[in-house]
Amino acid sequence: MPHPPLKAVTLTHVRYRKGDRLGLFLAWVSLVPVFISLGGFISHFIFRRELQGMFFALGLLISQFINEIIKKSVQQARPETCALLEMCDSHGWPSSHSQYMFFFTVYFTLLSYKKIVLLTGKYRWIASFISWVLAVLTMYSRVYLGYHTVAQVFAGAALGTILGAVWFWVVNSVLLCYFPIIEESAFGRWFYVKDTSHIQNVLEFEYEQARAARKDMGCKCD
């Protein structure tokens, strides 16, 4: 009885031409969505537990779900160069990497504009600029490495931009009024979920609260 064909777990399975330094750099760049998801949002939930961050992550998941639906509906093939990468068992339009990065970048930029981030002053805009650079490099990397056509990455970028802006409006104009309810719910109290988007400078606020708590303890070194 013949064995069924094997399929690899492709979470970090990115190929480039041996000896191509630019290809190696872009291969790492194309993994930025993985780093953001596993490193950024999981760490955020463990250490911050902010509702803004949770709904940010939820929006990215919804965006990727929409991407999969469109891919299965359109069923546009990846470019011929993809055959050399042994990664052509999925459809290519729109690019999920481009969609993810542009959703993230647009949402993060809007958070920075509304001052709903930990960073303050010019650092907010430096971080936003870096995210835009990474979004463009990710889009370019998918074409350079042969995984997508130009049209596929631009489609992903456009869809990610639209969904990121729409989801930001939904969260901060429709769902924001429910944040106090979530904070006071059993889930919120069990996991210490909070919303600090109403605090202008969260780092300064937490710093002052920590100092005040230390003074109340009256702890002194001998």
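Which residues does tyrosine 107 touch, not counting residues up to four places away in sequence? In this predicted model, tyrosine 107 touches Gln52, Phe56, Gly164, Trp167, Phe168, Val171 and Asn172. Tyr107 is also one of the two residues with the most contacts inside the largest nonpolar core, and the other is Phe56. That core has 30 residues. At least two of its residues come from each of helix 2, helix 3 (51-74), helix 4, helix 5 (122-144) and helix 6 (150-175). The most is given by helix 4, which supplies 8 residues. Apart from this core there is a second, separate one of 6 residues, including Leu31, Val34, Leu145 and Tyr147. In general, nonpolar side chains of soluble globular proteins tend to be buried together.

The chain as a whole contains 9 helices and 0 strands. Along the sequence the pattern reads α-α-α-α-α-α-α-α-α. The chain has 222 residues, of which 38% count as buried. When contacts between residues at least 6 apart in sequence are considered, 71% of them join residues at least 24 apart.

The confidence of the prediction varies along the chain. Mean pLDDT for the chain is 84, and 70 or more is reached by 88% of the residues. Among the elements, helix 6 has the highest mean pLDDT, 95, whereas helix 9 (residues 202-217) has the lowest, 79. Predicted coordinates should not be read in detail where pLDDT is low.

Two helix pairs involving helix 4 were examined. The first is formed with helix 2. Helix 2 spans residues 32-47 and helix 4 spans residues 96-113; their axes are 9 Å apart and the packing angle is about 50 degrees. The two helices are therefore oblique to each other. On the helix 2 side the contact involves Val32, Pro33, Ile36, Ser37 and Phe41, and these meet His97, Tyr100, Met101 and Phe104 of helix 4. By class, the residues of this contact are 7 nonpolar and 2 polar, with no charged residue.

The second pair joins helix 4 to helix 5. Here the axes come within 9 Å and cross at roughly 170 degrees. Because angles over 145 degrees count as roughly antiparallel, helix 4 is described as roughly antiparallel to helix 5. Helix 4 contributes His97, Ser98, Met101, Phe102, Phe104, Thr105, Val106, Phe108, Thr109, Ser112 and Tyr113 to the contact. The residues from helix 5 are Arg124, Trp125, Ala127, Ser128, Ser131, Trp132, Leu134, Ala135, Val136, Thr138, Met139 and Arg142. This contact of helix 4 with helix 5 divides into 13 nonpolar, 8 polar and 2 charged residues. His97, Met101 and Phe104 of helix 4 appear in the contact with helix 2 and also in the contact with helix 5.

Several individual residues were also considered. Valine 170 is placed in helix 6. Its relative accessibility is 21%, so valine 170 counts as partly exposed. From valine 170 to glycine 59 the C-alpha to C-alpha distance is 9.9 Å, while the two are 111 residues apart in sequence. Arginine 17 lies in the segment before helix 1 (21-29). Arginine 17 counts as exposed, at 57% relative accessibility. Between arginine 17 and leucine 145 there are 8.2 Å in space, C-alpha to C-alpha, and the pair is 128 residues apart in sequence. Leucine 145 is also among the residues of the second nonpolar core.

The loop between helix 3 and helix 4 holds both arginine 78 and glutamine 75. Arginine 78 has a relative accessible area of 16% and is therefore buried. Its C-alpha is 7.8 Å from that of serine 90, and the two residues are 12 apart in sequence. Glutamine 75, in contrast, counts as exposed, with 51% relative accessibility. Its phi is near 55 degrees, a positive value in a residue other than glycine. A positive phi of about 55 degrees is also found at tyrosine 192, which is not a glycine. Tyrosine 192 lies in the loop between helix 8 (186-191) and helix 9. With 64% relative accessibility, tyrosine 192 counts as exposed.

Notes
Residues are numbered from 1 along each chain as its sequence is written. This is a predicted model: local features need pLDDT of at least 70, side-chain atom pairs count only at pLDDT 80 or more; totals for chains, interfaces and linings use all residues. Side-chain values use heavy atoms; hydrogens and water are left out. Axes are lines fitted to C-alpha atoms, for helices over the stretch in contact, and angles run from 0 to 180 degrees between N-to-C directions. Helices (H or I, at least four residues) and strands (E, at least two) are DSSP runs, numbered from the N terminus. Angles under 35 degrees count as roughly parallel, over 145 as roughly antiparallel, 65 to 115 as roughly perpendicular and the rest as oblique. Contact means heavy atoms within 4.5 Å. Ala, Val, Leu, Ile, Met, Phe, Trp, Tyr, Cys and Pro count as nonpolar, Asp, Glu, Lys and Arg as charged, and the others, Gly among them, as polar. A nonpolar core is a set of buried Ala, Val, Leu, Ile, Met, Phe, Trp, Tyr and Cys residues joined through side-chain atoms within 4.5 Å. Buried means under 20% relative accessible area, exposed over 50%, partly exposed in between (1.4 Å probe, protein chains only). pLDDT is the predictor's confidence in each residue, from 0 to 100.
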